Amino acid sequence: ALDKVKEGNRTLLDNTLVLAHSETEFAKFHTIDNIPMMTAGSAGGRLKTGIYVDGIGTPVSRVGLTLQQVMGVPVDRWGAKSLETNRTLTEIVA
């Protein structure tokens with residue numbers, strides 16, 4: 001539906017950024033490794049779409065940091081304690 005709404009040369013989906021994720025990898029055991037996440041939209045062309053990034057070994061907070069930066073929030077670090085990071089997911093930045 002978002003892709004059908006025209007906004008100039010783009011669509012509403014193109015100009016949107018939606019993040020969806022689970023709180024756990026496997027709910028029965030509440031594991032927090034390999035949390036599935038996905039984005040929809042390209043934030044006005046600032047985010048690559050249609051790719052898979054394997055984040056094994058890196059904190060999930062990298063996603064939050066990167067998406068904030070893509071949307072213009074002036075932040076260079078994100079997360080708390082062992083999940084704090086200053087590393088952007090360059091693979092998804094257009």
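Val60 is partly exposed, with a relative accessible area of 36%. This residue sits in the loop between strand 4 and helix 1. The model is predicted. Helix 1 covers residues 61-70 and is mostly covered, with 9 of its 10 residues buried.

**Val60 and the surface patch**
- Val60 belongs to a nonpolar surface patch, together with Leu19, Met37 and Leu83.
- The accessible area of these four residues together is about 290 Å².
- Val60 counts as partly exposed because its 36% relative accessible area falls between the 20% limit for buried and the 50% limit for exposed.

**Helix 1 and its cover**
- The buried residues at the start of helix 1 include Ser61, Arg62, Val63 and Gly64.
- Leu65, Thr66, Leu67, Gln68 and Val70 are also buried.
- Strand 3 (18-21) is one of the elements that cover the buried residues of helix 1.
- Strand 4 (37-40) is another part of that cover.

**Gln68**
- Gln68 is part of helix 1.
- Its relative accessibility is 18%, so Gln68 counts as buried, the cut-off being under 20%.
- Leaving aside residues up to four places away in sequence, Gln68 touches Val73, Val75 and Trp78.

**After the helix**
- Gly72 comes just after helix 1.
- Gly72 takes a positive phi of about 90 degrees.

Notes: Residues numbered from 1 in each chain as written. Predicted model: local features only at pLDDT ≥ 70, side-chain atom pairs only at ≥ 80, totals over all residues. Heavy atoms only, no water. Buried < 20%, exposed > 50% of the residue type's maximum accessible area, 1.4 Å probe, protein only. Helix = DSSP H or I, 4+ residues; strand = E, 2+ residues; numbered from the N terminus. Contact = heavy atoms within 4.5 Å. Patch = residues over 30% accessible without salt bridge, like charges linked within 9 Å, V, L, I, M, F, W, Y side chains within 5 Å. Areas by Shrake-Rupley, 256 points an atom, 1.4 Å probe, with all protein chains shown as cover. Salt bridge = Lys/Arg side-chain N within 4 Å of Asp/Glu carboxyl O.
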